[in-house]
Amino acid sequence: MRQGLCQLLVVVAWIRGILYATVQILFMFMFNLTFCGHNVIDHFMCDFFSLMELACGDTYRLGMVVAANTGGMCLLIFSMPLVSYIVILSSLKSHSSEGQRRALSTCCYHFAVVALFFGPCIFTYMRPVVIYPANKWVAVFFAILTPMLNPIICTVRKAEVKNAVRSLLKRRVT
């Protein structure tokens, strides 16, 4: 990848994130949310849905707009690597069987991590605002555990690590 393209992708990601956050904040001001009562969010992070739970008044319309905005963003971002994997897999026909195996192995691991991140994300944000006890566990899964999977998978797949684990297990068995 050329350095210019890499820089462009980073700038686009930053701009998209800033615009998305700005739209969410504007929604809060446009719908004139007022807060009363307790001020404790029953969540481990300050998510927009858990913040709406603290609001007084009707938040149904705002919840639908936020679900469409956030859920649409999750689907859009998920579709990008999905299309990329389809293009990669369709281009494998002209490669050797060893090259196909290696590409499939890498793509499967990466797609698993992408699906494990965006699956719970889409589950959380593509529905009306209803707070379920499982929401915290789903959020822990896609916010903490999934980002840790990619480095772990990449490390475990290296030949040196595999050989070290095998020799360690052989020593323990004997």
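Q: Which helix gives the most to the lining of the second largest pocket?
A: H3 does, with five residues. Helices here are DSSP runs (H or I, at least four residues), numbered from the N terminus.

Q: Anything I should know about the model?
A: It is a predicted model: local features need pLDDT of at least 70, side-chain atom pairs count only at pLDDT 80 or more, and totals for chains, interfaces and linings use all residues. Residues are numbered from 1 along each chain as its sequence is written, and side-chain values use heavy atoms, with hydrogens and water left out.

Q: Back to that pocket. What volume does the second largest pocket have?
A: About 310 Å³. A pocket is an open set of points on a 1 Å grid over the protein atoms alone, with protein on both sides within 12 Å along at least five of seven lines, and lining residues have an atom within 4 Å of a point. Points are joined across faces, edges and corners, and the volume is the space filled by probe spheres set on them.

Q: Which residues line the second largest pocket?
A: Among them are Ile77, Met80, Pro81, Ser84 and Tyr85, along with His110, Val113, Val114, Phe118 and Asn150. H3 and H4 each supply at least two of the lining residues.

Q: How does that lining divide by class?
A: Seven are nonpolar, three polar and none charged. Ala, Val, Leu, Ile, Met, Phe, Trp, Tyr, Cys and Pro count as nonpolar, Asp, Glu, Lys and Arg as charged, and the others, Gly among them, as polar.

Q: Tyr85 caught my eye. Which ring does Tyr85 pair with?
A: The structure holds four aromatic pairs (ring centres within 6.5 Å). In one of them, the rings of Tyr85 and Phe111 have their centres 5.6 Å apart and their planes at 90 degrees, so the pair is edge-to-face (over 60 degrees). Tyr85 is in helix H3 and Phe111 in helix H4, so this pair ties together parts 26 residues apart in sequence.

Q: And how much space lies in the largest pocket?
A: About 450 Å³. It is lined by 19 residues, and the closest to its centre are Tyr20, Thr70, Cys74, Cys121 and Tyr125. Helix H1 (3-30), helix H3 (60-91) and H4 each give two or more residues to this lining. By class, the lining has 14 nonpolar, three polar and two charged residues.

Q: How many cavities are there of 30 Å³ or more?
A: One, where a cavity is a set of points where a 1.4 Å probe fits but cannot get out. The largest cavity holds about 80 Å³ of space. Of the 11 residues that line the largest cavity, His43, Asp47, Phe49, Thr124 and Asn135 are the closest to its centre.

Q: Which helix supplies the largest share of that cavity lining?
A: H5, with three residues. Helix H2 (48-53), helix H4 (97-125) and helix H5 (134-156) each supply at least two. Six of the lining residues are nonpolar, four polar and one charged.

Q: New topic. How many salt bridges does a search of the whole structure find?
A: One (a side-chain nitrogen of Lys or Arg within 4 Å of a carboxyl oxygen of Asp or Glu). Glu98 forms it with Arg101, and their closest N and O atoms are 2.8 Å apart. Both residues lie in helix H4, three residues apart, about one turn of the helix.

Key
Phe/Tyr/Trp six-rings, centres within 6.5 Å; stacked < 30°, edge-to-face > 60°.
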